Amino acid sequence: MNRLRFPLSGPRFLGIGLAACLLAGLAQAGPAPWFVWRSKLDGKEVCAQASPGAGWAQQGGPFLDADCRKLPPRLLPM
């Protein structure tokens with residue numbers, strides 16, 4: 001009698017699956033930083049995570065909020 005065997009079953013693959021699930025929780029990405037962008041045309045400033053276009057130059061950042069006010073914590077030199 002032939003037994004149908006599944007190639008990805010058994011205790012060995014269960015352990016690999018559990019390890020993959022645990023490691024996936026460690027690989028979460030953080031939010032993208034915010035930057036101040038100034039228009040080359042009229043000097044207006046906006047806060048955005050990516051460049052609004054070719055006519056804009058990055059002025060400041062990175063910031064943690066959409067108002068471009070909260071600076072990220074700095075690491076102290078040892």
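Three exercises follow on a predicted model.

**Exercise 1. The sheet**

Task: Work out the strand order of the open sheet and find which strands stand at its edges.

Solution:
- Start with the order. Three strands form the open sheet, arranged β2-β1-β3, and their pairing is antiparallel.
- Now the edges. β2 (45-48) and β3 (56-63) each have a single partner strand, so one side of each is left without a neighbour in the sheet.
- Add the twist. Neighbouring strands are turned by 25° against each other on average, direction ignored.
- Look at one pair. β1 and β3 are joined in the antiparallel sense over five bridges. Arg-38 stands opposite Ala-57 in β3.

**Exercise 2. Ser-39**

Task: Is Ser-39 buried or exposed, and what does its side chain reach?

Solution:
- Place the residue. Ser-39 is in strand β1, which spans residues 34-39.
- Apply the cut-off. Buried means under 20% relative accessible area. Ser-39 has 9%, so Ser-39 is buried.
- Follow the side chain. The Ser-39 side chain reaches the backbone nitrogen of Leu-41 at 3.1 Å.
- List the contacts. Beyond neighbours within four places in sequence, Ser-39 is in contact with Lys-44, Gly-55 and Trp-56.

**Exercise 3. Asp-65**

Task: Find the nearest side chain of opposite charge to Asp-65 and test for a salt bridge.

Solution:
- Place the residue. Asp-65 lies in the segment after β3 and is buried.
- Check the charge. Lys-70 is the nearest side chain of opposite charge, 5.4 Å away.
- Apply the cut-off. A salt bridge needs the side-chain nitrogen within 4 Å of a carboxyl oxygen. Asp-65 has no salt bridge.
- Look for a backbone partner. The Asp-65 side chain reaches the backbone nitrogen of Arg-69 at 2.9 Å.
- Finish with contacts. Not counting residues up to four places away in sequence, Asp-65 touches Trp-34, Cys-47 and Lys-70.

Note on methods
Residues numbered from 1 in each chain as written. Predicted model: local features only at pLDDT ≥ 70, side-chain atom pairs only at ≥ 80, totals over all residues. Heavy atoms only, no water. Helix = DSSP H or I, 4+ residues; strand = E, 2+ residues; numbered from the N terminus. Buried < 20%, exposed > 50% of the residue type's maximum accessible area, 1.4 Å probe, protein only. Polar contact = N/O pair within 3.5 Å; in protein donor to acceptor, adjacent residues only side chain to side chain. Contact = heavy atoms within 4.5 Å. Pairing = 2+ DSSP bridges. Axes fitted to C-alpha atoms, helices over the stretch in contact; angles between N-to-C directions. Lys, Arg positive; Asp, Glu negative; His and termini not counted.
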